[in-house]
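Visitor: I would enjoy a close look at one part of this structure. Could you take me through it step by step?

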Amino acid sequence: MSRAEKEAAVAALADEFRGSSGAVLTDYRGLSVDDLKQLRRALGDNATYAIVKNTLTKLAAKDAGVDGIADLLSGPSAIAFVRGDAVAAAKGLRDFGKTNEALVIKGGYLDGKAISADEIRQLADLESRDVLLSKLASALQASLQNAALLFNAPLADAARLMGALQAKREDESPATPQPAAEGDDS
């Protein structure tokens, strides 16, 4: 690889780091070309998967301001650059790793912070972003319904009290005499 090609590769990797919300570093040793194709399909639109050279990746990460991954760049390395939902990308890697034990997650970074392989596994165990947002919306809606009931309770209590007082007053009021019917001569 010529110097110009290396500089272009470093620039391209730096752009990938800058354009992604996170990256997961893996060891791909033992995976075939077909396995790598399946892995890329498993990641879908959430991430792109690229085999990288460690020294060039270290330079690109430094250039992009990504700290904490240089120690992970040893041995055969590949990176899944996360562009979409990080949870979905982590799930894709985890699920692929269940059937292909050759894939080893080394670690990565997310939102500018280095994360370990265990943290990536925990991320994969989370529910998707859409499910979490719907649960949050349901919780907020339930809180609003409870607040509405709470604010409505004093008015309902007051209405019941007024009804009870009116019924009591009607029970206690003296009976009014009924007028005599016409034609009654008694």
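Which residues do ring pairs link into a cluster?

Guide: Happy to. Please keep in mind that this is a predicted model. The cluster consists of Phe17, Phe81 and Tyr109, linked by ring pairs. Searching the whole structure turns up two aromatic pairs. In one of them, Phe17 meets Phe81 edge-to-face, with 5.2 Å from centre to centre and 80 degrees between the planes. Phe17 belongs to helix α1 (residues 3-19) and Phe81 to strand β3 (residues 77-82), so this pair ties together parts that lie 64 residues apart in sequence. Both Phe17 and Phe81 are buried.

Now turn to Tyr109. Its ring centre is 6.0 Å from that of Phe17, and the planes stand at 45 degrees, so this pair counts as tilted. Here helix α1, which holds Phe17, is joined to strand β4 (residues 104-110), which holds Tyr109, so the pair ties together parts 92 residues apart in sequence. Tyr109 is buried, as is Phe17. Phe17 therefore has a ring pair with Phe81 in strand β3 and another with Tyr109 in strand β4.

While you have the model open, here is a helix contact to view as well. Helix α4 (residues 86-99) packs against helix α5 (residues 117-125) at about 105 degrees, and their axes are 8 Å apart. That angle makes α4 roughly perpendicular to α5. On the α4 side you will find Ala86, Val87, Ala90, Lys91 and Arg94, which meet Ile120, Leu123, Ala124 and Asp125 of α5. Sorted by type, the residues of this contact are six nonpolar and three charged, with no polar ones.

Conventions. Residues numbered from 1 in each chain as written. Predicted model: local features only at pLDDT ≥ 70, side-chain atom pairs only at ≥ 80, totals over all residues. Heavy atoms only, no water. Phe/Tyr/Trp six-rings, centres within 6.5 Å; stacked < 30°, edge-to-face > 60°. Helix = DSSP H or I, 4+ residues; strand = E, 2+ residues; numbered from the N terminus. Buried < 20%, exposed > 50% of the residue type's maximum accessible area, 1.4 Å probe, protein only. Axes fitted to C-alpha atoms, helices over the stretch in contact; angles between N-to-C directions. Parallel < 35°, antiparallel > 145°, perpendicular 65-115°, else oblique. Contact = heavy atoms within 4.5 Å. Nonpolar A, V, L, I, M, F, W, Y, C, P; charged D, E, K, R; others polar.
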